[in-house]
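This briefing goes through side-chain contacts in a predicted model. The topics are a surface patch, aromatic pairs, the core, salt bridges and one backbone angle.

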Amino acid sequence: MSETSRKLTTIFCADVQDYTRLMGKDEEGTLATLRRYRDAMTRLIEAHGGRVINTWGDGVFAEFPSVVEAVRAAIDVQNELAGYNAAMDTERQMLFRIGLNLGDVIADGNDLYGDGVNIAARLQSRAAAGGIVISNTVYDQVRNKVAVGFDFLGQLEVKNIEGGVPSYAVRVGGVQVVDTSVDGRARPQPVRMPEDTTKEPVLLDWRRSYGALFVVAVGLAALNALTWHGEFWAKWPILALTWVGALRFARSNKRIDIVIARMIVTGIGIVAINIFTWQGTPWAMWPLLGLAIAAALRWVSRSRSDA
């Protein structure tokens with residue numbers, strides 16, 4: 001028997017709105033769409049450092065060690081699935097609701113139990129189709145770290161949790177922030193939070209991600225200039241810092257495949273090395289050719305899996 005332990009983690013819970021209706025209209029088509037959407041969700045979850053724990057029925061259950069990455073993954077999931085749905089007939093569109101909670105849970109092997117899990121499931125049921133609802137524990141950690149807005153939904157009643165759980169809706173495109181008709185009961189309308197406390201400027205996010213790399217690169221260039229002996233030695237560490245920054249940017253941009261993005265960044269780095277060590281031979285063409293073939297094969301395989 002596996003041993004149990006407790007840990008603090010971020011729970012991601014998602015399921016499909018009107019799944020029974022979709023299955024009633026077209027079982028095989030709905031299952032095919034569900035597989036495609038789950039594959040996309042799994043890819044984005046793993047890209048943000050999370051892991052899928054379970055997929056039951058029409059649901060997806062995952063956990064993240066980082067609260068910020070969990071929210072970013074949820075936003076990327078809804079944005080990517082919205083793109084899929086835009087290309088489909090309205091009656092066949094598959095809309096997921098997502099709930100996120102940061103809480104203490106019981107880990108039993110690969111399974112998780114406890115109020116932390118139950119709260120995430122309740123938050124998910126509160127979200128509108130295509131929307132995201134988070135608990136106050138998640139909100140407290142991400143409100144100044146992600147460039148999105150939030151709407152306060154009030155106290156969410158949860159079994160065995162006295163006083164309920166304060167919840168917030170994440171603003172995702174034009175999606176209604178909260179489901180107002182679950183079980184036929186009216187839901188409280190969101191209370192708009194002040195913009196300066198719920199939305200971080202994109203510039204600040206860039207400073208946190210790339211500011212240190214830029215400062216170090218400028219410092220190296222200045223040091224090279226102050227100790228100049230006819231050689232621009234700083235180009236190598238600056239190239240390495242640029243490569244790290246480009247990989248970080250590619251990882252945060254989920255509009256492109258992360259594997260293909262890494263190949264592109266690596267190819268640019270190889271070209272730069274060839275230029276810096278130029279002796280009349282464009283040797284970089286051969287590894288570039290290999291990377292191009294690998295990227296093309298990756299693109300073809302992704303296209304087939306999304307079809």
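Trp236 has a relative accessibility of 35% and therefore counts as partly exposed, since that class lies between the 20% limit for buried and the 50% limit for exposed. The residue is part of helix H8 (residues 235-252). In this predicted model, Trp236 belongs to a nonpolar surface patch and also to an aromatic pair with Phe276.

**Surface patch**

- The nonpolar patch on the surface is formed by Trp236, Val271, Ile273, Ile275, Phe276, Trp283 and Leu288.
- Together these residues have about 580 Å² of accessible area.
- Helix H9 (residues 258-276) gives the most to the patch, with four residues.

**Aromatic pairs**

- The count of aromatic pairs comes to six.
- One of them is formed by Tyr37 and Tyr84, which lie 5.4 Å apart centre to centre with 50° between the planes, a tilted arrangement.
- This pair links distant parts of the chain, as Tyr37 is in helix H2 (residues 27-47) and Tyr84 is in helix H3, 47 residues apart.
- Both Tyr37 and Tyr84 are buried.
- The ring centres of Trp236 and Phe276 are 5.6 Å apart and their planes stand at 90°, so this pair is edge-to-face.
- Because Trp236 lies in helix H8 and Phe276 in helix H9, the pair ties together parts that are 40 residues apart in sequence.
- Phe276 has a relative accessible area of 37% and is partly exposed.
- One aromatic cluster is made up of Tyr139, Phe150, Phe152 and Tyr168.
- Tyr84 also has a charge over its ring: the charged end of Arg36 sits there, 4.1 Å from the ring centre.

**Nonpolar core**

- The largest nonpolar core has 42 residues.
- Within this core, Phe12, Phe96, Leu100, Ile132, Ile134, Val142 and Phe150 touch the most other members.
- Helix H3 (residues 67-86) gives the most to the core, with ten residues.
- Phe150 appears both in this core and in the aromatic cluster.

**Salt bridges**

- Side chains of opposite charge can pair when their charged atoms come close.
- A search of the whole structure finds nine salt bridges.
- Lys7 and Glu63 form a salt bridge through their side chains, at 3.0 Å from N to O.
- This bridge links distant parts of the chain, with Lys7 in strand E1 and Glu63 in strand E3 (residues 60-64), 56 residues apart.
- Lys7 is partly exposed at 30% relative accessibility, whereas Glu63 is buried at 6%.
- Glu63 also meets Arg51 in a salt bridge, at 2.7 Å from N to O.
- Here Glu63 in strand E3 is linked to Arg51 in strand E2 (residues 51-54), twelve residues apart.
- Arg51 counts as partly exposed at 28% relative accessibility.
- Arg171 and Asp151 form a salt bridge at 3.4 Å, N to O.
- Arg171 is in the loop between strand E8 (161-170) and strand E9 (191-192), and Asp151 is in strand E7 (residues 150-158), 20 residues apart.
- Asp151 has 2% relative accessibility and therefore counts as buried.
- Lys7, Arg51 and Glu63 are joined into one network by salt bridges that share partners.

**Backbone**

- Asp18, a residue other than glycine, has a positive phi, near 60°.
- Asp18 is located in the loop between strand E1 (4-16) and helix H1 (19-25).
- With a relative accessible area of 40%, Asp18 is partly exposed.

How values were computed
Residues are numbered from 1 along each chain as its sequence is written. This is a predicted model: local features need pLDDT of at least 70, side-chain atom pairs count only at pLDDT 80 or more; totals for chains, interfaces and linings use all residues. Side-chain values use heavy atoms; hydrogens and water are left out. A nonpolar core is a set of buried Ala, Val, Leu, Ile, Met, Phe, Trp, Tyr and Cys residues joined through side-chain atoms within 4.5 Å. Buried means under 20% relative accessible area, exposed over 50%, partly exposed in between (1.4 Å probe, protein chains only). Helices (H or I, at least four residues) and strands (E, at least two) are DSSP runs, numbered from the N terminus. Patches are made of residues with over 30% relative accessible area and no salt bridge: like charges are joined within 9 Å, nonpolar side chains (Val, Leu, Ile, Met, Phe, Trp, Tyr) within 5 Å. Accessible areas come from the Shrake-Rupley method with a 1.4 Å probe; for residues, only the protein chains shown count as cover. A salt bridge is a side-chain nitrogen of Lys or Arg within 4 Å of a carboxyl oxygen of Asp or Glu. Rings of Phe, Tyr and Trp (its six-membered ring) pair if their centres lie within 6.5 Å; planes under 30 degrees apart count as stacked, over 60 as edge-to-face and the rest as tilted. A charge sits over a ring if NZ of Lys or CZ of Arg is within 6 Å of the ring centre and within 35 degrees of the ring normal.
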